[in-house]
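Here's a quick tour of one protein chain, written for someone who is new to reading structures. Have the picture open while you go through the bullets.

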Amino acid sequence: MSLVGIPLLQTATPAPGTTGGGEEAAGATLATPVANFLAGLGVPPGIADVLGGAITFAVVLGAFYLVGRLFVVPLVDRVLESRGLDTHAKRPLRKITNVVVVFVGIAVGFGFAGYGDFLQSLATVAAAATLAIGFAMQDVIKNFVAGIFIFTDRPFRIGDWIEWDGNSGIVEDISFRVSRVRTFDNELLTVPNSQLTDGVIKNPVAKDTLRLQFLFGIGYGDDIEHATEIIVEEAERHPEILSDPAPSVRLTELGDSYVGLKSRVWIANPSRADFVKTRGEYVTNVKQRFDEEGIEIPFPQRDLSGNVELNTPPEAALGDD
């Protein structure tokens, strides 16, 4: 029927999975076309809505995961390489990137699938659980954050010789919670990362060169200039000791029984093994030259003076009857 040649509008019944009014249309999601497609295939409307949301969620999550693996993770790898991070440092950061990509994919997938109420409930539960876990795992979180600082600030690397709080050793492993250090007695120390970031860490091998110092003691009657020449000559003869910076010797102590001459020399590409080996050989060579030149390396002596009196008990003085 028509009025003045214009057909009358007729109200159509909404198809399964579609929205009927303005308020319902505002709540339409990406899952709606999927549900309509399934309904068109003969799937019951209720089941079509459920399957539409599930399929939409799976597709969005898969798309985010694929984009993350193809674009986000390689981009993060390039950024980490530009920062000069080691392979061991890049591995956990890459894992964190994958976790973030999956988490974002889940959140966006819930939104497109129309699971807004479920996502809100999940976020509330997750926030409460995070708060409770945070209080229970303060030390773990502290060490985790300290591990991130170690990876970013790079105060030391795997293979470096470090010293802290009276301990020393070679770094064998760095994780987000602990670091493992092998001592020079072949003991393995598992150190919480917070101990390595809260205190002072000495890294003797952080630079390309390292200065060695050793105090040589000579007698008060020995020639200081001659002893100084011997110390410098032996430093210049050693193949591992650098000529630039040049070796130097300074008189630093006047002890009870010796005159202290402190030698300062430099070595390149330092390591613990190089440090001990070079210093040992250098000191041995100086000692041999001192012996050949008649220069004494004194040792502490004590002179005792006075009288010694023996008190004899009266019984022993009387003797036996």
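Let's begin with one bit of vocabulary: a residue is called buried when its relative accessible area is under 20%, exposed when that value is over 50%, and partly exposed in between. Val76 has a relative accessible area of 22%, so Val76 counts as partly exposed. Keep in mind that this is a predicted model.

**Val76 and the annotated spans**

- You'll find Val76 in helix 3, which runs over residues 45-82.
- Val76 and Leu93 are 17 residues apart in sequence, and their C-alpha atoms are 8.7 Å apart in space.
- An unreviewed UniProt entry lists residues 55-76, 96-115 and 121-141 under "transmembrane region".
- Residues 55-76 are 100% helix and 0% strand in this model, and the C-alpha atoms at the two ends of that span lie 30 Å apart.

**A nonpolar patch on the surface**

- Which residues form the nonpolar patch on the surface? They are Phe64, Ile96, Val100, Phe103, Val104, Ile141, Phe144, Val145 and Phe149.
- Together, these patch residues have about 760 Å² of accessible area.
- Two helices each supply at least two residues of the patch: helix 4 (87-112) and helix 6 (138-153).
- Take Val104 as one member to look at: Val104 sits in helix 4, and its relative accessible area of 36% makes it partly exposed.

**Helix 8, a helix with two sides**

- Helix 8 covers residues 224-237, which is 14 residues. From first C-alpha to last, helix 8 reaches 20 Å, close to the 20 Å expected at 1.5 Å a residue.
- Its buried residues are Ala227, Ile230, Ile231, Glu234 and Ala235. Around the axis they cover an arc of only 130 degrees, so they sit on the same side of helix 8.
- What does the face turned away from the buried side of helix 8 carry? That face has the exposed residues Glu225, Glu236 and Arg237.

**Helix 9, read the same way**

- Helix 9 takes in residues 272-293, a run of 22 residues. Helix 9 reaches 32 Å from its first C-alpha to its last, close to the 32 Å expected at 1.5 Å a residue.
- Buried in helix 9 are Phe275, Thr278, Tyr282, Val283, Val286, Arg289 and Phe290. Why do we say these buried residues line one face of the helix? Because, when you look down the axis of helix 9, they fall within an arc of 125 degrees.
- On the other side of helix 9, Ala273 and Glu292 are exposed.
- Phe275 is worth a look: Phe275 belongs to helix 9 and, at 14% relative accessibility, counts as buried.
- Phe275 and Leu212 are 63 residues apart along the chain, yet their C-alpha atoms are separated by 7.7 Å.

**Salt bridges**

- How many salt bridges does the structure hold? The count is nine.
- One of the pairs is Glu163 with Lys202, whose closest N and O atoms are 3.0 Å apart. This pair links distant parts of the chain, with the two positions 39 residues apart: Glu163 is in strand 3 (residues 161-164), while Lys202 is in the loop between helix 7 (193-198) and strand 7 (209-218).
- Both partners are partly exposed: Glu163 has 22% relative accessibility, and Lys202 has a relative accessible area of 46%.
- Asp173 and Arg180 also meet through their side chains in a salt bridge, at 3.2 Å from N to O. Arg180 counts as partly exposed, at 29% relative accessibility.
- Within helix 9, Glu281 forms a salt bridge with Lys277, and the closest N and O atoms are 3.3 Å apart. Glu281 and Lys277 are four residues apart in helix 9, so about one helical turn separates them.
- Glu281 is partly exposed at 32% relative accessibility, and Lys277 is partly exposed with a relative accessible area of 46%.
- Finally, Glu233, Glu234, Arg237 and Arg289 are linked in a network of salt bridges. You've met some of these names already: Glu234 among the buried residues of helix 8, Arg237 on the face turned away from that buried side, and Arg289 among the buried residues of helix 9.

Methods:
Residues numbered from 1 in each chain as written. Predicted model: local features only at pLDDT ≥ 70, side-chain atom pairs only at ≥ 80, totals over all residues. Heavy atoms only, no water. UniProt positions renumbered as here; feature names shortened; annotations may be inferred. Patch = residues over 30% accessible without salt bridge, like charges linked within 9 Å, V, L, I, M, F, W, Y side chains within 5 Å. Areas by Shrake-Rupley, 256 points an atom, 1.4 Å probe, with all protein chains shown as cover. Salt bridge = Lys/Arg side-chain N within 4 Å of Asp/Glu carboxyl O. Buried < 20%, exposed > 50% of the residue type's maximum accessible area, 1.4 Å probe, protein only. Expected span 1.5 Å × (residues − 1). Arc of directions from axis to C-beta.
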